[in-house]
Amino acid sequence: MADEQKPEGSEAPPPAGGEAAVPPAKPAVPPAKAAAEAAKPAPPKPAAHPAPPKPPATMAATPWQSDLAKEIKDRYGDRVTETSTYLGQNFIVAKPDATVSLLEYLKLEADFDYLVDITAADWPKRPERFDVVYIVYSFARNERVRIKTYLAEGAKLETSVGVHLTANWLEREVFDMFGIEFEGHPDMRRILMPEEWQGYPLRKDYGILQQDDRWVQENLGIESGQ
């Protein structure tokens, strides 16, 4: 009969035309739960193995081939350990007791009569801790030469004031910044920092925030020099 009720629990007949039944839609995820799922941190990535440290760069210097370099080697023998050039810049590596004599020779016999600078570099882990570098220039040659020597902590170099008067101020600056003293200097005292300052600012074990707090407090009236 048309009005006969279908027994409970029986399945509905398939739709006409043989079409597959559409499954019921899944219930929507509550917004609060969706936000909580999105807020969960992503699982940590496995730690990557660190790249091996690169070897220290080495200066690709080549032998300095010239009559002047040959004359220096012949004159000083084993007191000059290297005459090289790097990117067109010539340099000499000499033992400490040869530096002043070399400066004098270059000035009087090779026209390098202008002392451009004296500077230093600090290598705390090396037995000969400091490089001391003299830079001289020849107007006649339009050429520059560097003299480099290696110096241990506490060792002194002979002053070159007798060869170049400007070494007076340049050697004082090296002393002020690195603590390297020059034997025979007429006025070996600080030139940039206050005379009472403790430490040498360009040494690598002198941190950028490390200052003479006592001097700063006494002279500037502040608690910290940082």
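Start by selecting Asp122, Arg129, Glu153, Arg203 and Asp205: in this predicted model, these five residues are linked in a network of salt bridges. Side chains of opposite charge can pair when their charged atoms come close. If you search the whole structure for such pairs, you will find 15 salt bridges, and a few more of them deserve a stop.

**Three more charged pairs**

Show Asp131 and Arg126 as sticks. They form a salt bridge whose closest N and O atoms are 2.6 Å apart. Asp131 is buried, at 8% relative accessible area, whereas Arg126 is partly exposed, at 28%.

Next, pick Arg141 and Glu143. This is a salt bridge too, with the closest N and O atoms 3.8 Å apart. Colour Arg141 as partly exposed, since its relative accessibility is 38%.

Then move to Arg172 and Asp187, where the closest N and O atoms of the salt bridge are 3.6 Å apart. Arg172 belongs to helix H4 and Asp187 to the loop between strand S8 (182–183) and helix H5 (213–220), so the pair ties together parts that are 15 residues apart in sequence. Which of the two partners is buried, Arg172 or Asp187? Arg172 is buried, with a relative accessible area of 8%, while Asp187 is partly exposed at 27%.

**The sheet**

Switch to cartoon view and trace the open sheet of six strands. Its order is S1-S2-S3-S6-S5-S4, and the pairing is mixed. Strand S1 (62–63) and S4 stand at the edges with a single partner strand each, so one side of each has no neighbour in the sheet. Now bring in helix H2, which packs on the sheet and touches strand S2 (80–86) and S3. The direction of H2 makes about 170° with that of S2.

Zoom in on S5 and S6 next. These two strands run antiparallel and are joined by nine bridges. For a landmark, label Ile135, which stands opposite Arg146 in S6.

**Helix H3**

Select H3 and turn the view until you look along the sheet. H3 lies across S2, S3, S5 and S6, and runs at about 170° to S6. A quick check with the distance tool is worthwhile here: at 1.5 Å a residue, the 12 residues of H3 should span 16 Å, and its end C-alpha atoms are 15 Å apart, which agrees.

Which residues of H3 are buried? Thr99, Val100, Leu102, Leu103, Tyr105, Leu106 and Ala110 are. To see what covers them, display H2, S2, S3, S5, S6 and strand S7 (157–158), which are among the covering elements. Just after H3 comes Asp111, with a positive phi near 70°.

**The nonpolar core**

Finish inside. The largest nonpolar core has 36 residues, and those with the most contacts inside it are Ile72, Ile92, Leu106 and Ile180. To colour its contributors, choose the elements that give two or more residues: helix H2 (67–76), strand S3 (89–94), helix H3 (99–110), strand S4 (114–122), strand S5 (130–138), strand S6 (143–151) and helix H4 (167–178). H3 supplies the largest share, six residues. In soluble globular proteins, nonpolar side chains tend to be buried together.

For the last stop, centre on Ile180. What does Ile180 contact, leaving aside its neighbours within four places in sequence? Show Ala120, Phe130, Val132, Leu151, Val174 and Phe175, each of which is in contact with Ile180.

Methods:
Residues are numbered from 1 along each chain as its sequence is written. This is a predicted model: local features need pLDDT of at least 70, side-chain atom pairs count only at pLDDT 80 or more; totals for chains, interfaces and linings use all residues. Side-chain values use heavy atoms; hydrogens and water are left out. A nonpolar core is a set of buried Ala, Val, Leu, Ile, Met, Phe, Trp, Tyr and Cys residues joined through side-chain atoms within 4.5 Å. Buried means under 20% relative accessible area, exposed over 50%, partly exposed in between (1.4 Å probe, protein chains only). Helices (H or I, at least four residues) and strands (E, at least two) are DSSP runs, numbered from the N terminus. Contact means heavy atoms within 4.5 Å. Two strands pair if DSSP finds at least two bridges between them. Axes are lines fitted to C-alpha atoms, for helices over the stretch in contact, and angles run from 0 to 180 degrees between N-to-C directions. A salt bridge is a side-chain nitrogen of Lys or Arg within 4 Å of a carboxyl oxygen of Asp or Glu. The expected span of a helix is 1.5 Å times one less than its number of residues.
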